[in-house]
Amino acid sequence: MRNTFSLTGLAAVLASPAFAASGPFFSLGNTDFVVLIAFLVFVGILIYFKVPAMISGLLDKRADDIKSELDEARTLREEAQSLLASFEKKSEEVTAQAARIVENAKEDATNAANAAKDDLKDAIARRLAAAEDQIASAEASAVKQVRDQAATVAVAAAQEVVAAQLTAKDANKLIDDAIAEVGTKLH
């Protein structure tokens, strides 16, 4: 290793601009030959210290990292697509359920309106029947009052007529006949 450094140092000293490309190619006086030797020594040092293997290992590691990141991204993408599909399915289910709820609500509202109409018709019919009953009762009451009044008037009129036509002797006879008739009916 010491030899390598001393050789590199010697090549650097000999590669001065004063020796620039004059003379035969394989001479240390030719700068092209000196640069070629310095390059070969540099490459040799890199190979000796296993720099290409380290660079290759770093590149392989970087490639593996990129590959794992791509695999992870692909997995995340697939999960996102499955989540999107499930959300779309749930959205469709919720939309369908909302439509069913609205349809049921409309049907319930229609049924409630029909039931309210039927209840209203029944209530009107009951009130009409009650009113007709009240009217019939009032009519019967009025007819009874008229009859009672007519009977009272007729009795008063008959009393006046009988009183005017009946003598005391006939009245006593009627009283005796009535007492005898009551006595026969009671015994």
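## Exercises on helix 2 and its surroundings

K50 is exposed, with a relative accessible area of 58% (exposed means over 50%, buried under 20%, partly exposed in between, with a 1.4 Å probe and protein chains only). The model is predicted: local features need pLDDT of at least 70 and side-chain atom pairs pLDDT 80 or more, while totals for chains, interfaces and linings use all residues. Residues are numbered from 1 along each chain as its sequence is written, and side-chain values use heavy atoms, without hydrogens and water.

**Exercise 1.** State which elements of the protein chain have the lowest and the highest mean pLDDT.

*Solution.*
- The protein chain holds four helices and zero strands (DSSP runs: H or I of at least four residues for helices, E of at least two for strands, numbered from the N terminus).
- Helix 1 (residues 2–14) has the lowest mean pLDDT, 51, and helix 2 the highest, 93 (pLDDT is the predictor's confidence in each residue, from 0 to 100).
- The average over the protein chain is 84, and 87% of the residues score at least 70.
- Where pLDDT is low, the predicted coordinates should not be read in detail.

**Exercise 2.** Compare the span of helix 2 with the expected span.

*Solution.*
- Helix 2 covers residues 31–48, which is 18 residues.
- The expected span is 1.5 Å times one less than the number of residues, giving 26 Å for helix 2.
- From first C-alpha to last, helix 2 reaches 25 Å, close to that value.

**Exercise 3.** Determine where the buried residues of helix 2 sit around its axis.

*Solution.*
- T31, F33, V34, V41 and I45 are the buried residues of helix 2.
- These residues cover an arc of only 160° around the axis, so they are on the same side of helix 2 (the arc is that of the directions from the helix axis to the C-beta atoms).
- An α-helix has 3.6 residues a turn, so residues three or four places apart point the same way.
- V35, L40 and I47 are exposed on the other side of helix 2.
- For the whole protein chain, 5% of the 187 residues count as buried.

**Exercise 4.** Describe the backbone and location of K50.

*Solution.*
- K50 comes just after helix 2, in the loop between helix 2 and helix 3 (51–165).
- Its phi is positive, about 55°, although K50 is not a glycine.
- Most residues other than glycine have a negative phi.
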